[in-house]
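Here is a short tour of the charged pairs and the nonpolar core in this protein. Take a look at the sequence and the structure, then read on.

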Amino acid sequence: MLIKPKLFNPNGDDSLAAREIINGNSTNIINLNNVKYKAFYNLYRKQLAQFWVPEKVDLTNDKVSELTNDEYQAFKGILSFLTFLDSLQVNNLPNIADWFTAPEIKLCLSAQQFMEGIHSATYQYIFESTISSIEEREKIYDFWREDEILLERNSYIAKIFQDFIDTRDEDAFHKVLIADYLLEGLYFYQGFMFFYNLASRKKVIGVSSGIKYINRDELLHVAIFANLINEFKYKIDKNIVYEMFETAVLQDIKWNQHILKNILGMTNDSIVQYTKFLSNKRLTQIGLQPIYENVVNPYKHLEKMSGTDEHNDKVKSNFFETTVTNYNLSSAITGYDRI
């Protein structure tokens, strides 16, 4: 059973020997003098190092009038879905973080929640900068109300999150971790490729730059949940993981084939290939066998435009090969005297 920690537990033990990821006896003080779960503290610091604001991106030269009608409809639909994903994370991450008793993990998730808020603000910044009509911008937020395929997609993952809030049992908790991993590791990326596709043809280049920042952040979030899943992998039913992945892949293909119709350089086949390729990759990152055969990455040329470290094996191994049960003495940040 899961035991939710008290807001403040005077009888808690914050020593490294007693520190647990969940169901620990923590005081709930963010004690980082010593850090047991090093991977999460490192990911917290990486998130700080990547801090940015939407206004960092110049959108003054972006003109949606240069898009074809199909591109413009996809532009709005993809942004609607991305907005939903980051909004969901802003609201749901605290529901997960509340159950952890290791302070470095709580801190890591709090940084992630803040970054997801920046992403949500970025989408609004894109809307305001490229679409003059307030009514049309509002329709983007409500697109899921009219599009049955998007509503089905949104409802699937939202229900998993809601089930954990309602039941608060360990099985639901494990499903939440997998759902978060799918959200961060699979759901975003076909949409990212769409914007890189436009930028490769000199369209809405500023928007693509903003997407690059978000893409870079999401790769850190993939690492967070990959590490969490690896901590619980001996308790998580692999059949449930595969079932959730297969559902997510089918929904991803259905949605993207629906919204990315008649987009130059993106076909029904490339959508299938990329979704299955990415699914195999994410399964491998949590130590499971891939399930799709004879798939390749059709968007290598677009992924290179992202400017992220996704394809840098050295960086990737730093994300996933850290032994999270190691601990170290955290060092203070110096240099403020020179500011």
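## Salt bridges and core

In this predicted model, Asp 98 is partly exposed, with a relative accessible area of 33%. Lys 4 is partly exposed too, at 39% relative accessibility. Their side chains meet in a salt bridge, with 3.8 Å from N to O. This pair links distant parts of the chain: Asp 98 sits in the loop between helix H2 (69-97) and helix H3 (103-130), while Lys 4 belongs to the segment before strand S1 (34-35), 94 residues apart.

A search of the whole structure turns up ten salt bridges. Three of them, including the one just described, are set out here:

| Acidic residue | Basic residue | Closest N to O |
|---|---|---|
| Asp 98 | Lys 4 | 3.8 Å |
| Glu 71 | Arg 201 | 2.9 Å |
| Glu 170 | Lys 235 | 3.4 Å |

Arg 201 and Glu 71 form a salt bridge. Arg 201 lies in the loop between helix H8 (189-200) and helix H9 (205-232), and Glu 71 in helix H2, so this pair ties together parts 130 residues apart in sequence. Is Glu 71 buried or exposed? Glu 71 is buried, at 3% relative accessible area, whereas Arg 201 is partly exposed, at 24%.

Turning to the third pair, Glu 170 is partly exposed at 22% relative accessibility, and Lys 235 is exposed at 55%. Glu 170 is in helix H7 (residues 170-187) and Lys 235 in the loop between H9 and helix H10 (238-259), 65 residues apart.

Glu 71 also leads us to the core: it is among the residues that Phe 194 touches, as are Phe 75 and Leu 260. The largest nonpolar core has 105 residues, and Phe 75, Phe 194 and Phe 195 have the most contacts inside it.

Notes. Residues are numbered from 1 along each chain as its sequence is written. This is a predicted model: local features need pLDDT of at least 70, side-chain atom pairs count only at pLDDT 80 or more; totals for chains, interfaces and linings use all residues. Side-chain values use heavy atoms; hydrogens and water are left out. A nonpolar core is a set of buried Ala, Val, Leu, Ile, Met, Phe, Trp, Tyr and Cys residues joined through side-chain atoms within 4.5 Å. Buried means under 20% relative accessible area, exposed over 50%, partly exposed in between (1.4 Å probe, protein chains only). Contact means heavy atoms within 4.5 Å. A salt bridge is a side-chain nitrogen of Lys or Arg within 4 Å of a carboxyl oxygen of Asp or Glu. Helices (H or I, at least four residues) and strands (E, at least two) are DSSP runs, numbered from the N terminus. Lists of a residue's contacts leave out its neighbours within four places in sequence.
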